[in-house]
Amino acid sequence: MPTSCQRPYHAAITAFGAYVPNRIVSNKDLSETVETTDEWIVQRTGIRERHIADPSEFTSDLCYRAAENMIQRFSVSLADVDMIVVATITPDHPMPSVAAQLQARLGIERAGAIDLSAACAGFVYGIQVATAFVASGMAQKVLVVGGETLSKVTDYTDRSTCILFGDGAGACLVEPAAQPGVLAVGNHTVGHAAHLLYRAGLRPDVQGTPVGGNGCIVQSGREVFKLAVQTLEAEVPRLLAEAGLTASELDWFVPHSANLRLIESVCERMGWPMEKTLFSGEWYGNTSSASIPLAIQIAVDDGRIQPGQTLLLAGFGSGFVYAGAIIRWSAILA
């Protein structure tokens, strides 16, 4: 079965929004609780600070704020949304879904509601699902949100993970369009490596490897780094080929903002310039499914992303799962 496909999807992103909690935790703040320094963290990750949710603030709250931000920015209505897709690995509860809670809080009368669990690839998967719904005629307006409160599942005594993660959310609308806004999509899975990055659940092992971490994130950093670089290096050129584009025709590369050194390594191997790569991790840390929309929002706000430009989105997250999409930025987002 092919790992990617190309179709003239007549669906496009028509509105966009984002939100991060008010509380900021700097590298200096972390150095007061674990053995680390600002210089050490920046050199290894490119991260300077991250936003952390309050104890009473959860993923559904961040997702709701991101949707509110989108409404304020673009004066859109969500009353006629047909489907809500939320990408998260830190839902408020195993059930009900965050998407169902959003439906109630946003006052949407009739809408399907599902959560996706794909970690850093979640938001791109959400766009793919939304595009499929719109392109098939099953929905006319889909709300896609990527949101995380990773701080609630982070072990702050483990310096290898606590320096990485932050909280945030990003939201977009996907609707029918006269011209295709999603030019190509691609997916890939490396399931045999799942034990390298996990958060313990009901089962006491991951593919035979005993789990620990007391419900917090556990990862084998070096192995995850290598696997992510190898996968993105292979899949990104494949996605460009499926879209019938060359690298020179691409305006922006938007990988998930896990680690700046990882992204630099991928770009170096692809011969892609870092100045045409978007990264949200410097000020937000790794926000998993929220990292790609946050990177886009930063570039929209500072004027780097312009209508008609082409963006390649690529996420690689626990599982391990990869999702990519090449999108053309809609003029409505000027």
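Here are a few worked exercises on helix packing, cores and single residues in this predicted model.

**Exercise 1. Work out how α7 and α8 sit against each other, and which residues meet.**

Step 1: Start with the geometry. Helix α7 covers residues 221-243 and helix α8 covers residues 260-270; their axes come within 9 Å and cross at roughly 40°.

Step 2: Put a word to the angle. Roughly parallel needs an angle under 35 degrees, and roughly perpendicular runs from 65 to 115. α7 and α8 are therefore oblique to each other, and α7 passes α8 in a right-handed crossing.

Step 3: Look at who touches whom. From α7 come Phe-225, Ala-228, Val-229, Leu-232, Glu-233, Val-236 and Pro-237, and they meet Arg-261, Leu-262, Ser-265, Val-266, Arg-269 and Met-270 of α8.

Step 4: Sort that contact by class. You get nine nonpolar, one polar and three charged residues.

**Exercise 2. Do the same for α3 and α4: what is the angle, and which residues meet?**

Step 1: Helix α3 (residues 59-74) packs on helix α4 (residues 98-106) at an angle of about 50°, and the axes are 10 Å apart.

Step 2: That angle makes α3 oblique to α4. As for handedness, α3 passes α4 in a right-handed crossing.

Step 3: On the α3 side we find Thr-59, Ser-60, Asp-61, Cys-63, Tyr-64 and Ala-67, which meet Val-98, Gln-101, Leu-102, Arg-105 and Leu-106 in α4.

Step 4: Split by class, this contact has six nonpolar, three polar and two charged residues.

**Exercise 3. Find the largest nonpolar core and say which elements give two or more residues to it.**

Step 1: The largest nonpolar core has 44 residues. Those with the most contacts inside it are Leu-232, Phe-253, Leu-312, Ala-314, Phe-316, Phe-320 and Ile-326.

Step 2: Now trace the elements. Two or more residues come from each of β9 (182-189), α7, α8, β15 (310-317) and β16 (321-328), and α7 gives the most, with nine residues.

Step 3: Zoom in on one hub. Beyond its neighbours within four places in sequence, Phe-316 is in contact with residues including Cys-120, Val-190, Leu-227, Ala-228, Leu-232, His-256 and Tyr-322. Leu-232 and Ala-228 also turned up in the α7 contact with α8.

Step 4: Don't stop at one core. Apart from the largest lies another, of 35 residues, among them Ala-118, Ala-130, Val-174 and Leu-278.

**Exercise 4. Is Thr-310 buried or exposed, and how about Gln-140?**

Step 1: Place them. Thr-310 is in strand β15, while Gln-140 lies in the loop between α5 (122-136) and β7 (142-149).

Step 2: Apply the cut-offs: buried means under 20% relative accessible area, and exposed means over 50%. At 4%, Thr-310 is buried; at 49%, Gln-140 is partly exposed.

Step 3: Check their partners, leaving aside neighbours within four places in sequence. Thr-310 is in contact with Leu-183, Leu-245, Glu-249, Leu-250, Asp-251, Trp-252, Ile-326, Ile-327 and Arg-328. Gln-140 is in contact with Asp-82, Val-174, Glu-175 and Pro-176.

**Exercise 5. How many residues of α10 are buried, and what phi does Gly-303 take?**

Step 1: Helix α10 (residues 291-301) is mostly covered, with eight of its 11 residues buried.

Step 2: Name them: Ser-291, Ile-292, Pro-293, Leu-294, Ala-295, Ile-296, Gln-297 and Ala-299.

Step 3: Read on past the helix. Just after α10, Gly-303 takes a positive phi of about 85°.

Conventions: Residues numbered from 1 in each chain as written. Predicted model: local features only at pLDDT ≥ 70, side-chain atom pairs only at ≥ 80, totals over all residues. Heavy atoms only, no water. Axes fitted to C-alpha atoms, helices over the stretch in contact; angles between N-to-C directions. Helix = DSSP H or I, 4+ residues; strand = E, 2+ residues; numbered from the N terminus. Parallel < 35°, antiparallel > 145°, perpendicular 65-115°, else oblique. Left-handed = near helix turned anticlockwise from the far one by under 90°. Contact = heavy atoms within 4.5 Å. Nonpolar A, V, L, I, M, F, W, Y, C, P; charged D, E, K, R; others polar. Buried < 20%, exposed > 50% of the residue type's maximum accessible area, 1.4 Å probe, protein only. Core = buried A, V, L, I, M, F, W, Y, C linked by side-chain atoms within 4.5 Å.
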